[in-house]
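Colleague: I would like to work through this structure with you, one question at a time. Please explain each step and finish with the value or name that I ask for.

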Amino acid sequence: MEKEELIDYFKSVGLIVRTTTKARGHQGFYLKNRIDISSVTPKDRIIPTLLHEFTHFVHSKIEPNMEKSGGTLERIFNDNKTDKYFQELLDVTHFVDKNSKFEKLNSHKVIIKSKIKDYEKLIKNTYPKFLRSKKFKEFDKYIKRSQARYLLKYDRVKLVTGFLFKGTRILSTESIENDFPDMPPEFTAYIRLKSCQKKLARISSKISRLKKYYSKPTELFARFVEGLYIDKEQVETLAPVSYKRFCELLESGYYPYLQDILMLVL
């Protein structure tokens with residue numbers, strides 16, 4: 001099937017479809033009867049993305065407040081016993097969207113944790129009582145007299161120097177040895193350790209945010225339908241209970257327009 005056929009059907013049921021937008025930084029985006037598809041979406045991802053966003057539209061018909069709430073599995077499957085669906089849909093999500101496993105982010109976390117241990121070891125060579133959880137008094141005393149104190153908050157800063165003849169000085173955690181040649185290596189390591197801790201916190205926060213996003217029932221449902229287009233047999237294998245219940249509801253007309261769409265693409 002060509003994307004034009006799909007778009008024509010979407011428009012016939014009252015949707016506005018735009019394919020030359022930035023889609024708010026995503027491949028696709030659905031909001032209030034409008035579907036945006038990013039102009040840079042890879043060709044092989046256009047139809048799956050259209051199906052994904054259309055599923056949000058279908059979901060909004062059976063659960064009108066889903067755009068704000070994220071929806072519920074109870075309404076999606078018309079069943080109060082939802083525990084049996086969640087993990088299956090999450091498995092399908094991992095199949096459909098490899099990014100949902102956070103492999104790159106978790107790998108980055110491992111690397112940063114290793115760096116933190118290395119910096120801690122270097123510091124303890126001179127200060128054996130050093131603990132990350134407590135104040136590093138020797139460092140605190142030293143850093144008060146140094147512009148390097150700005151690097152405790154930022155990895156890179158630009159300082160304005162001079163009074164009459166102003167200039168600038170760039171400081172970075174990557175070039176501490178050059179910027180502060182007299183700084184003891186233990187203190188250099190401490191600044192980088194603190195930088196790594198901030199990076200670790202940012203990555204953990206991002207993973208937490210993404211987990212919340214991928215776990216929203218409306219996203220789980222959209223990726224389930226997307227998965228049917230990509231590989232229906234694999235989805236049935238990964239989510240047998242969900243697949244069976246979905247087919248029952250689909251055939252009964254529970255999901256508006258969805259049966260027609262799936263007949264066109266599958």
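Colleague: With which residue does the side chain of D36 meet in a salt bridge?

Modeller: Please note that this is a predicted model. A salt bridge requires a side-chain nitrogen of Lys or Arg within 4 Å of a carboxyl oxygen of Asp or Glu. For D36 the N to O distance is 3.2 Å, and the partner is R18.

Colleague: How many residues apart in sequence are the parts that the pair D36 and R18 ties together?

Modeller: D36 belongs to strand β3 (residues 34–38), while R18 belongs to strand β1 (residues 16–21). The pair therefore ties together parts whose separation in sequence is 18 residues.

Colleague: Is D36 buried or exposed?

Modeller: Buried means under 20% relative accessible area. The relative accessibility of D36 is 4%, so D36 counts as buried. Its partner R18, at 37%, counts as partly exposed. For D36, then, the word is buried.

Colleague: Which residue meets E226 in a salt bridge, and how many residues apart in sequence are the parts that this pair ties together?

Modeller: The side chain of E226 meets that of R45 in a salt bridge, at 2.7 Å from N to O. E226 lies in helix α10 and R45 in the loop between β3 and α2, so the parts tied together are 181 residues apart in sequence. As to cover, E226 is buried at 2% relative accessibility, whereas R45 is partly exposed at 22%. The partner is R45, and the separation is 181 residues.

Colleague: In which helix do E248 and R245 both lie?

Modeller: The side chains of E248 and R245 meet in a salt bridge of 3.3 Å, N to O. The two residues are three apart, about one turn of the helix. E248 counts as partly exposed at 35% relative accessibility, and R245 also counts as partly exposed, at 21%. The helix that holds both is α11.

Colleague: How many salt bridges does the structure hold?

Modeller: The pairs discussed above are among them: D36 with R18, E226 with R45, and E248 with R245. The total for the structure is eleven.

Colleague: With which residue does the side chain of T218 make a polar contact?

Modeller: T218 is part of helix α10 (residues 217–238), and its relative accessibility of 6% makes it buried. Leaving aside neighbours within four places in sequence, T218 is in contact with H56, H59, M66, G70 and I76. One of these contacts joins side chain to side chain as a polar contact of 3.0 Å, and the partner is H59.

Colleague: What is the relative accessible area of T93?

Modeller: T93 has its place in helix α5 (residues 83–96). Not counting residues up to four places away in sequence, T93 touches S100, Y214, L220 and R223. T93 is buried, and its relative accessible area is 0%.

Colleague: Within what arc do the buried residues of α12 fall?

Modeller: Helix α12 (residues 258–265) has L258, I261, L262 and V265 as its buried residues. Seen down the helix axis, these residues line one face of α12, because they fall within an arc of 95°.

Colleague: Which helices are included in what covers the buried residues of α12?

Modeller: The buried residues to be covered are L258, I261, L262 and V265. Contact here means heavy atoms within 4.5 Å. The cover includes α1 (3–12), α2 (46–62), α10 and α11 (240–252).

Colleague: Which residues form a nonpolar patch on the surface?

Modeller: One member, I230, is found in helix α10 and counts as partly exposed at 38% relative accessibility. Together the members of the patch have about 250 Å² of accessible area, and they are Y229, I230 and L266.

Colleague: What is the phi of Y257?

Modeller: Y257 is found in the loop between α11 and α12, and it is partly exposed with a relative accessible area of 32%. Another residue to consider is N78, in the loop between α4 (73–77) and α5, which has a positive phi of about 50° although it is not a glycine. Y257 is likewise not a glycine, and its phi is positive, at about 70°.

Technical notes. Residues are numbered from 1 along each chain as its sequence is written. This is a predicted model: local features need pLDDT of at least 70, side-chain atom pairs count only at pLDDT 80 or more; totals for chains, interfaces and linings use all residues. Side-chain values use heavy atoms; hydrogens and water are left out. Helices (H or I, at least four residues) and strands (E, at least two) are DSSP runs, numbered from the N terminus. Buried means under 20% relative accessible area, exposed over 50%, partly exposed in between (1.4 Å probe, protein chains only). A polar contact is a pair of N or O atoms within 3.5 Å; within protein, one must be able to donate a hydrogen and the other to accept it, and residues adjacent in sequence count only if both atoms are side-chain atoms. The arc is that of the directions from the helix axis to the C-beta atoms. Patches are made of residues with over 30% relative accessible area and no salt bridge: like charges are joined within 9 Å, nonpolar side chains (Val, Leu, Ile, Met, Phe, Trp, Tyr) within 5 Å. Accessible areas come from the Shrake-Rupley method with a 1.4 Å probe; for residues, only the protein chains shown count as cover.
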